[in-house]
Amino acid sequence: MTLLLVVAAALVDVDNRVLIAQRPKGKALEGLWEFPGGKLEPNERPEDALIRELKEELGVTVKAACLAPLTFASHAYDDFHLLMPLYVCRRWEGFVEPREGQALKWARAKDLRAYPMPPADAPLIPALVDLLG
């Protein structure tokens, strides 16, 4: 089974809310809510991939020093196994805006279970609830 490494970020605003993005129509798992991030390119460090993905998806600039690893998900899909570290980020430059047709929502960690998420994202919620209340 192929191992796919994907990185994700919990962007946390000044009100301790977490940013989630809804997968747009036409993409796998469309309509589900997820933490922003994406796949690593060959020979790319996870932090560099996340910095690149946040710029591409949301238009924000993040420095590696502002990414704190929190937890990870390990999930077996039918045709691949996904390993996804989740980083917390409280500081970035620029304004968050949807650049790939996705809906965005700022949500309290305790309310994240109300949003349907891919199987790999949902197990990340308890660590965020412990961190943010």
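## Basis of the description

Two strands are taken to pair if DSSP finds at least two bridges between them. Helices (H or I, at least four residues) and strands (E, at least two) are DSSP runs, numbered from the N terminus. The structure is a predicted model, in which local features need pLDDT of at least 70 and side-chain atom pairs count only at pLDDT 80 or more, while totals for chains, interfaces and linings use all residues. Residues are numbered from 1 along each chain as its sequence is written, and side-chain values use heavy atoms, with hydrogens and water left out.

## The four-stranded sheet

An open sheet of four strands, with mixed pairing, follows the order β4-β1-β6-β5. Its edge strands are β4 (37-39) and β5, each of which pairs on one side only. Neighbouring strands of this sheet are turned against each other by 20° on average, with direction ignored; for such angles, axes are lines fitted to C-alpha atoms, for helices over the stretch in contact, and the general range is 0 to 180 degrees between N-to-C directions.

β1 and β6 run parallel and are joined by eight bridges. Within this pairing, Leu-3 stands opposite His-81 of β6, and Ala-8 stands opposite Leu-86 of β6. β5 (residues 67-76) runs antiparallel to β6, and nine bridges join the two. One of the residues involved is Leu-67, whose bridge partner in β6 is Cys-89. A hairpin of three residues leads from β5 to β6. Because seven of the 10 residues of β6 are buried, this strand is largely enclosed by the rest of the structure. Buried here denotes under 20% relative accessible area, exposed over 50%, and partly exposed in between (1.4 Å probe, protein chains only).

## Helices on the sheet

The four-stranded sheet, in the order β4-β1-β6-β5, carries helix α1 (residues 46-58), which touches β1, β4, β5 and β6 and whose direction makes about 60° with that of β1. Helix α2 also packs on the sheet, touching β1, β5 and β6, with its direction at about 155° to that of β5. A contact is defined by heavy atoms within 4.5 Å.

## The three-stranded sheet

A further open sheet consists of three strands in the order β3-β2-β7, with antiparallel pairing. β3 (33-34) and β7 (103-108) stand at its edges with a single partner strand each, so one side of each is left without a neighbour in the sheet. β2 and β3 pair in the antiparallel sense over two bridges; Gln-22 has Trp-33 of β3 as its bridge partner.

## Nonpolar cores

A nonpolar core is a set of buried Ala, Val, Leu, Ile, Met, Phe, Trp, Tyr and Cys residues joined through side-chain atoms within 4.5 Å. The largest has 23 residues, and those with the most contacts inside it are Phe-35, Met-84, Leu-86, Leu-112, Met-117 and Leu-128. At least two residues of this core come from each of β1 (2-11), β2 (17-22), β6 (80-89) and α2 (125-132). The greatest contribution is that of β6, with four residues.

Met-117 touches Ile-20, Leu-32, Trp-33, Phe-35, Leu-112, Ala-122 and Ile-125, when residues up to four places away in sequence are not counted. Apart from the largest core lies another, of 13 residues, including Ala-9, Leu-11, Leu-50 and Cys-89.

## Cysteines

A search of the whole structure finds zero disulfides, the criterion being a pair of cysteine sulfur atoms within 2.5 Å. The sulfur of Cys-89 is 5.8 Å from the closest cysteine sulfur, in Cys-66, which is too far for a bond. Cys-89 is buried, at a relative accessible area of 0%, whereas Cys-66 is partly exposed at 23% relative accessibility.

## Aromatic pairs

The structure holds three aromatic pairs. Rings of Phe, Tyr and Trp (its six-membered ring) pair if their centres lie within 6.5 Å; planes under 30 degrees apart count as stacked, over 60 as edge-to-face and the rest as tilted. One of these pairs is Tyr-77 with Phe-80, which is stacked because the ring centres are 5.0 Å apart and the planes are at 25°. Tyr-77 is buried, with a relative accessible area of 18%, while Phe-80 is partly exposed at 23%.

Trp-92 and Trp-106 are likewise stacked, with ring centres 6.1 Å apart and planes at 15°. Trp-92 lies in the loop between β6 and β7 and Trp-106 in strand β7, so the pair ties together parts that are 14 residues apart in sequence. Trp-92 is partly exposed at 23% relative accessible area, and Trp-106 is partly exposed at 25%.
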